[in-house]
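Here are some notes to read alongside the structure, written for someone meeting it for the first time. Keep the 3D view open and follow the points in order.

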Amino acid sequence: MTAISDILLFGYGNPGRGDDALGPLLIESIEKHHDPRVECLTDMQLQVEHVTDLQHRKQIIFVDADMSCETPFAYSRLAAEKDGSYTSHAMTPSALLHAFRQVYGVDAPPAFLLRIRGYDFGLGDPLTEQAAANLEAAIGFVQPLVKSVTG
Amino acid sequence: MTNPESFRRIAIDPVSRVEGHGKITLLLDADNHVQEARFHIVEFRGFEKFIQGRPYEEVPYFVQRLCGICPVSHHLAAGKAVDQLVGVDVLTPTATKLRRLLHFGQTLQSHALHFFHLSSPDLLFGFGSHLAHRNIVGIIEDYPDLALKGVKLRKYGQQVIEAIAGKRIHGAAAIPGGMNKPLSEEDRQRLLADIGEIIGWCSEAVALNEKIHLEHPENHNFAKLNSNFLSMVAPDGALELYHGGLRARKADGSTIFDHLDYRKYFEVIREEVRPWSYMKFPYLTALGRESGWYRVGPLARVNNCDFISTPLAEAARRRFKAYGDGGFVQDTLGYHWARMIEALHCGEAIQLLLNDPEITGSDLVTHGERQREGIGVIEAPRGTLFHHYKIDEQGLIEKANLIVSTTSNNQAMNESVRSVANAYLDGQEITEGLLNHLEVAVRAYDPCLSCATHALGKMPLQVELIDAAGNVVDRLTKGSRGELERTL
């Protein structure tokens, strides 16, 4: 059986829709370090089956683009929450944590959300300059954070 | 004819639990009857522009970005078109089987998502139940066993995709003339270990759908239409999801065309543009604009095929046909039943392919001479998907035409919405009950609105009622967390 990594870094977003690529791009950057204690996952959007990826972690960090957060990024602890995102094909991370509790009967590991400020999400659009700068700042924040958890 | 502009308009924006942003406008006459329904999909634009100018060999890779729900379908349809661009009509046996396996995995996970997470709440709790409970969380609370199976079914389909394509996004499976990498023996064994359980769960899902549909006769006429059907079939008439000829039949079962080479699709299908919609309205040329609209997807496929090649799914199809008394099942909610029959077929087909010694072969690519035009068609989870490309001398995409499944179902969705609105609209108020019923009708088609962007804070939801004079008389706004607010 494959060993479970201490930290799950999960970036989601569509790389083909401008600044929506911020989450996957951050993961690509961290993945280059090949740290076996950090598992990097990307997907277009969160779905209920992702509860199976959350098991047996010390910590989970979701990374997403956000149109409304402060610049360059915001980092916060997540709580399980039954919200309205179930009415969509895409779930929020809080809703995913809630589903985890329902499916497995226990709370999900401690989870955090890193929101990186994005501006333009058009199909085929490149990353905006501002978003690229925000991404660099976020990468600079995540790298020491990951080291602090993995020791 | 009454002028549509004089109708009162009710706009419902968007439809929840379908991907992206949708909007429904109901055009009422003076007597508050719904004369016309317009289902808007505002994100459906720019596909062709997105593709034009790209090198053809990259197309299967970046079309995955068109959709967060069915990237593999776009990948494979584009892959088939690009095969033709490099002059390859027939792939190696291993490459063909790997693509089929990938496609079955994609269809299984997509169908599982739709039924277990999006539609089963409607069916198990009833359309009128409160939205706060009529969702996947409600299913988890009340039917934990069912919900967990849904999670695992979806996960299994994703594992098939990952085993063949690599990453969940940006996977590279189909390349010009074949496949990128073989399936490892380790992955084959890993997937085989669970497939028996997967088939069992799919069988249970079929049985559940049969039970729900047969025990609720009030559902039979819900959003029901009398439509033509279009789908791909195998040369022997079997259900075919990856490669075959096109079959179109009228509502009475008579054949319009059969086993048509899909590279001639433009001879039998035309696309009408309407000023109020970004989406085109395809129709069967032989029947004309008024009556040539058709339905695609699971309902069309299971109705249209002569049989299914795997035993459990075929037995389920026979029960489905028996319900239809031998004719077409036109119940719109029959989509769910047909969808699970297909999921069962996918499970059985995956098992067969994993036990095929050629599936781990290494002869993956065929070469040919470059052509200037390529057309790829597959049966995506939501229906027939067309990718058509023309390239210039440098190999750059000069022209692209895509007909996605949701576009083919465009008119049918409008007709179903109109039917439901006429049955449930009472006066001039947009009630939660009406909204619920309209959403159930739309959800049966599982429209993919191609809004794969989901950034936090970017989910505006609004319901508007506009009178004949253009005045907004009611407005309901739904926040990103599902909260409703009447803002007028």
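1. What percentage of the 488 residues in chain B is buried? Buried residues make up 55% of chain B. Please keep in mind throughout that this is a predicted model. Chain B holds 15 helices and 17 strands. Among its contacts with a separation of 6 or more, 69% are between residues 24 or more positions apart.

2. Chain A has 151 residues, of which 52% are buried. You can count 3 helices and 5 strands in it, and along the sequence they follow the pattern β-α-β-β-β-α-β-α. The radius of gyration of chain A is 15 Å, close to the 15 Å given by the globule rule for 151 residues, so chain A is as compact as a globular protein of that length. Along the principal axes, its C-alpha atoms fill a box of roughly 45 × 40 × 25 Å. In chain A, 74% of the contacts with a separation of 6 or more are between residues 24 or more positions apart.

3. For a look at one helix, go to α2 of chain A, residues 93-104. From its first C-alpha to its last, this helix of 12 residues reaches 16 Å, close to the 16 Å expected at 1.5 Å a residue. Is α2(A) mostly covered or mostly uncovered? It is mostly covered, with 9 of its 12 residues buried. Among the buried ones are A:Pro93, A:Leu96, A:Leu97, A:Phe100 and A:Val103; A:His98 and A:Gln102 are also on that list. As background, an α-helix has 3.6 residues a turn, so residues three or four places apart point the same way. After α2(A) comes A:Gly105, which has a positive phi, near 80°.

4. Next, the largest nonpolar core, which has 170 residues. Which of its residues touch the most other members? They are A:Leu9, A:Leu26, B:Ile164, B:Ile341 and B:Val417. The element that gives the most to this core is helix α12 of chain B (residues 334-354), with 12 residues. Try selecting B:Ile341: apart from its neighbours within four places in sequence, it is in contact with B:Val206, B:Val302, B:Ala313, B:Ala316, B:Arg317 and B:Phe320.

5. B:Glu314 is worth a stop too, in helix α11 of chain B, residues 311-323. Why does B:Glu314 count as partly exposed? Because it has 18 C-beta neighbours inside 10 Å, whereas a residue is buried at 20 or more and exposed at 12 or fewer. Not counting residues up to four places away in sequence, B:Glu314 touches B:Phe307 and B:Ile308. B:Gly383 is 69 residues away from B:Glu314 along the chain, and their C-alpha atoms are separated by 19 Å.

6. Now for a sheet. Three strands of chain B form an open sheet in the order β12-β13-β14, with antiparallel pairing. Which strands are at its edges? They are β12 (373-380) and β14 (397-403), each pairing on one side only. From one strand to the next, the twist averages 10°. Between β12(B) and β13(B), residues 383-391, there are 8 bridges, and B:Ile375 has B:His388 in β13(B) as its bridge partner. Helix α3 of chain B (residues 71-85) lies across β12 and β13, running at about 150° to β12(B).

7. A good place to finish is strand β6 of chain B, residues 228-233, where 6 of 6 residues are buried. Both of its faces are covered: B:Asn228, B:Leu230 and B:Met232 are on one side, with B:Phe229, B:Ser231 and B:Val233 on the other. How many bridges join β6(B) to β7(B)? There are 5, and the two strands run antiparallel, with β7 covering residues 245-249. Within that pairing, B:Met232 is matched with B:Leu246 as its bridge partner. β6(B) also pairs with β11(B), residues 294-295, in the parallel sense over 2 bridges. There, B:Phe229 stands opposite B:Arg295. In general, strands of a sheet pair through backbone hydrogen bonds, either parallel or antiparallel.

Notes:
Residues are numbered from 1 along each chain as its sequence is written. Chains are lettered from A and ligands numbered from 1 in the order in which they are written. This is a predicted model: local features need pLDDT of at least 70, side-chain atom pairs count only at pLDDT 80 or more; totals for chains, interfaces and linings use all residues. Helices (H or I, at least four residues) and strands (E, at least two) are DSSP runs, numbered from the N terminus. The radius of gyration is taken over C-alpha atoms; the globule rule is 2.2 Å times the number of residues to the power 0.38. Two residues are in contact if their C-beta atoms, placed from the backbone, lie within 7 Å. The expected span of a helix is 1.5 Å times one less than its number of residues. A nonpolar core is a set of buried Ala, Val, Leu, Ile, Met, Phe, Trp, Tyr and Cys residues joined through C-beta atoms within 7 Å. Two strands pair if DSSP finds at least two bridges between them. Axes are lines fitted to C-alpha atoms, for helices over the stretch in contact, and angles run from 0 to 180 degrees between N-to-C directions.
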